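Subject: A structure for you to look at

Hi,

Here is the structure I promised to pass on to you. Have a look around it first, and then read my notes below.

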Amino acid sequence: VINSGEGGLLVTDDAQIAAQLIYMSGAYERRYQKHLTRPDDILCEEAMLKYPNLSCRMSELTAAVARPLLANLPSRVITYNARYDLICSIATKNNVLKVPGHDYRCAPVGDHFNFYLSSNLTEAQNQKFKAICHQFGVPVSSFISPINARYHKNWRKFGAPHFDLPQTDHILRYSYDLKLPPIFTSSDIEHIANILDYAASNCLSF
């Protein structure tokens with residue numbers, strides 16, 4: 001919602017250092033693919049699994065650039081939430097795709113679309129839903145992906161406690177995240193929502 005950029009330039013002939021710096025600058029998951037010039041993907045994958053999402057990129061300069069964006073934040077939140085309401089109204093027309101409600105004490109910002117599928121689905125139907133979405137270019141992200149920065153098991157290698165959470169994992173297995181960038185128009189959101197509705201309706205026949 002507020003993005004002041006990362007800027008700067010670093011030159012090195014050490015591919016391993018370059019891969020590490022991509023993640024130390026705040027990249028996470030497979031965001032390294034957004035770097036036009038980068039080391040081999042193998043090195044980036046290794047760095048992704050080695051470094052947690054530290055987001056070590058705030059400086060006095062980036063903070064100063066971010067401050068003016070606070071002025072129009074309320075109006076941008078209205079735009080985000082209007083698009084969020086639109087995708088909800090279309091994608092949930094079926095009986096499969098569900099959207100959790102917001103706590104009344106919170107003021108949401110709809111820059112991501114988080115949803116889950118009915119727990120009555122089989123794993124094969126769950127995978128079919130994801131396959132249909134990707135087939136039509138909608139990159140839904142599973143919350144139990146081995147590269148998901150939010151999944152509790154993915155933090156164990158960084159020293160997080162090991163807990164068995166079978167009920168949590170069952171919910172997350174059918175839960176997805178979809179980013180809604182500000183460049184998406186209402187027409188884009190409507191198109192994406194129709195694909196989600198189509199995928200949710202057609203995965204049942206699998």
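How many cavities of 30 Å³ or more does a search of the whole structure find? Just one. Before I say more about that cavity, please keep in mind that this is a predicted model.

The cavity
Rolling a probe the size of a water molecule over the atoms shows where empty space is left. Here, the largest cavity holds about 160 Å³ of space. Its lining is made up of 17 residues, and those nearest the centre are Met48, Tyr51, Ile147, Ala149 and Phe158. Sorted by class, 12 of the lining residues are nonpolar, three are polar and two are charged.

The overall layout
To find your way along the chain, count seven helices and four strands. Starting from the N terminus, you will meet them in the order α-α-α-α-β-β-α-β-α-β-α. If you draw a box around the C-alpha atoms along the principal axes, it comes to roughly 55 × 40 × 35 Å.

The sheet
The four strands make an open, antiparallel sheet with the order 1-2-4-3. Strand 1 (97-98) and strand 3 (141-142) are at the edges with a single partner strand each, so one side of each has no neighbour in the sheet. Between strand 2 (residues 112-117) and strand 4 (residues 175-179), which run antiparallel, there are five bridges. You can find phenylalanine 115 opposite tyrosine 176 of strand 4.

Charged pairs
Side chains of opposite charge can pair when their charged atoms come close. The count of salt bridges in this model is six. One of them joins the side chains of arginine 150 and glutamate 29, at 3.2 Å from N to O. Arginine 150 sits in the loop between strand 3 and helix 6 (166-173), while glutamate 29 sits in the loop between helix 1 (15-24) and helix 2 (41-50), so this pair ties together parts 121 residues apart in sequence.

On the surface
Finally, look for Val1, Ile2, Leu70 and Val109, which make a nonpolar surface patch of about 290 Å². Leucine 70 belongs to the loop between helix 3 (60-66) and helix 4 (73-91).

Enjoy exploring!

Best wishes

Conventions:
Residues numbered from 1 in each chain as written. Predicted model: local features only at pLDDT ≥ 70, side-chain atom pairs only at ≥ 80, totals over all residues. Heavy atoms only, no water. 1 Å grid on protein atoms, 1.4 Å probe; cavity = no way out; pocket = protein on both sides within 12 Å on 5 of 7 lines; lining within 4 Å. Points joined across faces, edges and corners; volume = space filled by probe spheres on them. Nonpolar A, V, L, I, M, F, W, Y, C, P; charged D, E, K, R; others polar. Patch = residues over 30% accessible without salt bridge, like charges linked within 9 Å, V, L, I, M, F, W, Y side chains within 5 Å. Areas by Shrake-Rupley, 256 points an atom, 1.4 Å probe, with all protein chains shown as cover. Salt bridge = Lys/Arg side-chain N within 4 Å of Asp/Glu carboxyl O. Helix = DSSP H or I, 4+ residues; strand = E, 2+ residues; numbered from the N terminus. Pairing = 2+ DSSP bridges.
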